[in-house]
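Subject: The structure we talked about

Hi,

Here is the structure I promised to pass on. Have a look at it first, and then read on for what turned up.

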Amino acid sequence: MACNNIEIEIQVNIENSQPLLDFLATAGTFKQEVHQVDEYFSPGHKDFLAVRPVSEWLRLREADGVFFWNYKNWHFTDQGESHHCDEFETKLDNVEAARRILQALNFTSLAVVDKLRRIWEYKNYEIALDSVRGLGDFVEIEYIGTDEKIDPAV
């Protein structure tokens, strides 16, 4: 049985995205460009920022006018490196009702991240280049293969 709701990825800040863009133009397959606005929340009963590195988050995302809930719970190796996460996401029909639910349950908005995401496929990976307003460029590389089990040593 394949792993469901498991995400294996790395994310890093890059100072000069041009070499990556040049590589992807010749070796990758461009998939899409999307404007995303992410708002991160923490519950009143459990401070997601109190644990370092941050191991879980709850996010509302708008992607070109479509809204999603997303929860991630990261797993780490014995050396403290992120390995993979459990991820649960669903589309929202009414984002204002979702915000009222979060407010009623004492969730606090922590940050809003506004970014332009460009996505390519390369072999068994999805490569996203994010240009984040006020923060710079970041690359996210996510494994999109079909392995059935997770090996933290890989």
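Let me start with the aromatic rings. With a cut-off of 6.5 Å between ring centres, the count comes to five aromatic pairs. Please keep in mind throughout that this is a predicted model.

One of these pairs is Y40 with W57: their ring centres are 5.9 Å apart and the planes meet at 85 degrees, so the pair is edge-to-face. Y40 sits in strand β3 (residues 29-43) and W57 in strand β4 (residues 56-63), so this contact links distant parts of the chain, 17 residues apart. Y40 and W57 are both buried.

W57 also pairs with W74, this time in a tilted arrangement, with 6.1 Å from centre to centre and 55 degrees between the planes. Since W74 belongs to strand β5 (residues 66-76) and W57 to β4, the pair ties together parts that are 17 residues apart in sequence. Like W57, W74 is buried. Taken together, Y40, W57 and W74 make up one aromatic cluster.

Now to the charged side chains. Side chains of opposite charge can pair when their charged atoms come close. In this model there are 11 salt bridges, and three of them are worth walking through here.

E89 and R59 form a salt bridge in which the closest N and O atoms are 3.6 Å apart. This contact links distant parts of the chain, with E89 in strand β6 (residues 82-92), R59 in strand β4, and their positions 30 residues apart in the count. How accessible is E89? At 44% relative accessibility, E89 is partly exposed, whereas R59 has a relative accessible area of 4% and is therefore buried.

Strand β6 also takes part in the next one, where E87 pairs with K72 of strand β5, 15 residues apart. The closest N and O atoms of K72 and E87 are 4.0 Å apart, and both residues are buried.

The third salt bridge joins R117 and D130, with 2.7 Å between the closest N and O atoms. R117 lies in strand β7 (residues 107-122) and D130 in strand β8 (residues 125-132), so the bridge ties together parts that are 13 residues apart in sequence. R117 is buried, with a relative accessible area of 7%, and D130 counts as buried too, at 6%. These two residues also belong to a wider network of salt bridges, which links D38, R61, K115, R117, D130 and E140.

Finally, the pocket. Rolling a probe the size of a water molecule over the atoms shows where empty space is left. The largest pocket has a volume of about 1100 Å³. Which residues lie closest to its centre? Of the 43 residues in the lining, those are Q11, Y40, W57, R59 and K115. Several of these will be familiar from above: Y40 and W57 are part of the aromatic cluster, R59 is the partner of E89, and K115 is in the salt-bridge network.

Many strands contribute to this lining: β2 (9-14), β3, β4, β5, β6, β7, β8 and β9 (136-143) each supply at least two residues. Strand β7 gives the most, with seven residues. By residue type, the lining divides into 22 nonpolar, six polar and 15 charged.

Happy to talk it over whenever suits you.

Best wishes

Note on methods:
Residues are numbered from 1 along each chain as its sequence is written. This is a predicted model: local features need pLDDT of at least 70, side-chain atom pairs count only at pLDDT 80 or more; totals for chains, interfaces and linings use all residues. Side-chain values use heavy atoms; hydrogens and water are left out. Rings of Phe, Tyr and Trp (its six-membered ring) pair if their centres lie within 6.5 Å; planes under 30 degrees apart count as stacked, over 60 as edge-to-face and the rest as tilted. Helices (H or I, at least four residues) and strands (E, at least two) are DSSP runs, numbered from the N terminus. Buried means under 20% relative accessible area, exposed over 50%, partly exposed in between (1.4 Å probe, protein chains only). A salt bridge is a side-chain nitrogen of Lys or Arg within 4 Å of a carboxyl oxygen of Asp or Glu. On a 1 Å grid over the protein atoms alone, a cavity is a set of points where a 1.4 Å probe fits but cannot get out, and a pocket is an open set with protein on both sides within 12 Å along at least five of seven lines; lining residues have an atom within 4 Å of a point. Grid points are joined across faces, edges and corners, and a volume is the space filled by probe spheres set on the points. Ala, Val, Leu, Ile, Met, Phe, Trp, Tyr, Cys and Pro count as nonpolar, Asp, Glu, Lys and Arg as charged, and the others, Gly among them, as polar.
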